[in-house]
Amino acid sequence: MKSAGIALLSLILTGCFGPYYEHTPMMGSDGTKFYLLKSAATFTDASKVSAREDLDKRSRKICPGAFDLVDEEIQPVNNPAGFHSGSYDVNWQIKCKNLS
């Protein structure tokens, strides 16, 4: 029973926090591969800077040579009632540079 509770807790936490540490590979209409990354921030500027630093670090792991930041969006996250929750999703679209 205890291990079932731990497994359930792990599943819940992965569902809540998992998307902020993943990247999604995509293919553009011209056949160019790019990635979508997401991080989380609060209403403070320092938190948004921290989210950008996290995204930059993860982008460098995906694209060890270099990358272009194609787009950045900062979107407010609403609670189930439709009101702003005080947190934001910071989304990056990146494209790896070919360093030949």
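Of the 100 residues of the protein, 23% count as buried, in a model that is predicted. The protein holds two helices and four strands, and from the N terminus on these elements follow the order α-β-β-α-β-β. Among contacts between residues at least 6 apart in sequence, 49% join residues at least 24 apart.

Confidence varies along the chain. The mean pLDDT of the protein is 80, with 76% of its residues reaching 70 or more. By element, the lowest confidence falls in helix 1 (residues 2-17), where the mean is 41, and the highest in strand 3, where it is 94. Over residues 2-20 the pLDDT stays under 50, and for this stretch the model has nine contacts beyond four places in sequence. Where pLDDT is low, the predicted coordinates should not be read in detail. The description below therefore turns to other parts of the chain, since confidence is lowest in helix 1.

Strand 4 takes part in two of the pairings described here. With strand 3 (residues 67-78), strand 4 (residues 84-96) pairs in the antiparallel sense over eleven bridges. At one end of this pairing, Phe67 stands opposite Cys96 of strand 4, while Asp68 stands opposite Lys95, likewise of strand 4. The hairpin formed by strand 3 and strand 4 has five residues between the strands, and within this hairpin Gly82 takes a positive phi near 95 degrees. Strand 2 is also joined to strand 4, by eight bridges, and these two strands run antiparallel. In that pairing, Ile94 of strand 4 is the bridge partner of Tyr35.

Aromatic side chains supply a further link between strand 3 and strand 4. The count of aromatic pairs comes to one. The pair consists of Phe67 and Trp92, whose ring centres lie 6.3 Å apart and whose planes meet at 40 degrees, so the pair is classed as tilted. Because Phe67 lies in strand 3 and Trp92 in strand 4, the pair ties together parts that are 25 residues apart in sequence. Both Phe67 and Trp92 are buried. Another ring, that of Tyr88, has the charged end of Lys48 sitting over it, at 4.4 Å from the ring centre.

Tyr35, placed in strand 2 (residues 33-42), has a relative accessibility of 11% and so counts as buried, the cut-off being 20%. Residues up to four places away in sequence being left out, Tyr35 touches His23, Thr24, Pro25, Ile62, Trp92, Gln93, Ile94 and Cys96. Trp92, one of these residues, is also a member of the tilted aromatic pair with Phe67, and Ile94, another of them, is the bridge partner of Tyr35 already noted. The side chain of Tyr35 is in addition joined to that of Lys33 by a polar contact of 3.5 Å. Between the C-alpha atoms of Tyr35 and Cys63, which are 28 residues apart along the chain, the separation is 9.8 Å.

Pro25, which is touched by Tyr35, lies in strand 1 (residues 23-27). At a relative accessibility of 47%, Pro25 counts as partly exposed, whereas Tyr35 counts as buried. Apart from neighbours within four places in sequence, Pro25 is in contact with Lys33, Phe34 and Tyr35. The C-alpha atoms of Pro25 and Gln93 are separated by 9.8 Å, although the two residues are 68 residues apart along the chain.

Helix 2 (residues 45-62) contains Arg58. Despite its charged side chain, Arg58 is buried, with a relative accessible area of 12%. The side chain of Arg58 reaches the backbone oxygen of Lys38, at a distance of 3.0 Å.

Definitions and conventions: Residues are numbered from 1 along each chain as its sequence is written. Side-chain values use heavy atoms; hydrogens and water are left out. Two strands pair if DSSP finds at least two bridges between them. Rings of Phe, Tyr and Trp (its six-membered ring) pair if their centres lie within 6.5 Å; planes under 30 degrees apart count as stacked, over 60 as edge-to-face and the rest as tilted. Buried means under 20% relative accessible area, exposed over 50%, partly exposed in between (1.4 Å probe, protein chains only). A charge sits over a ring if NZ of Lys or CZ of Arg is within 6 Å of the ring centre and within 35 degrees of the ring normal. pLDDT is the predictor's confidence in each residue, from 0 to 100. Contact means heavy atoms within 4.5 Å. A polar contact is a pair of N or O atoms within 3.5 Å; within protein, one must be able to donate a hydrogen and the other to accept it, and residues adjacent in sequence count only if both atoms are side-chain atoms.
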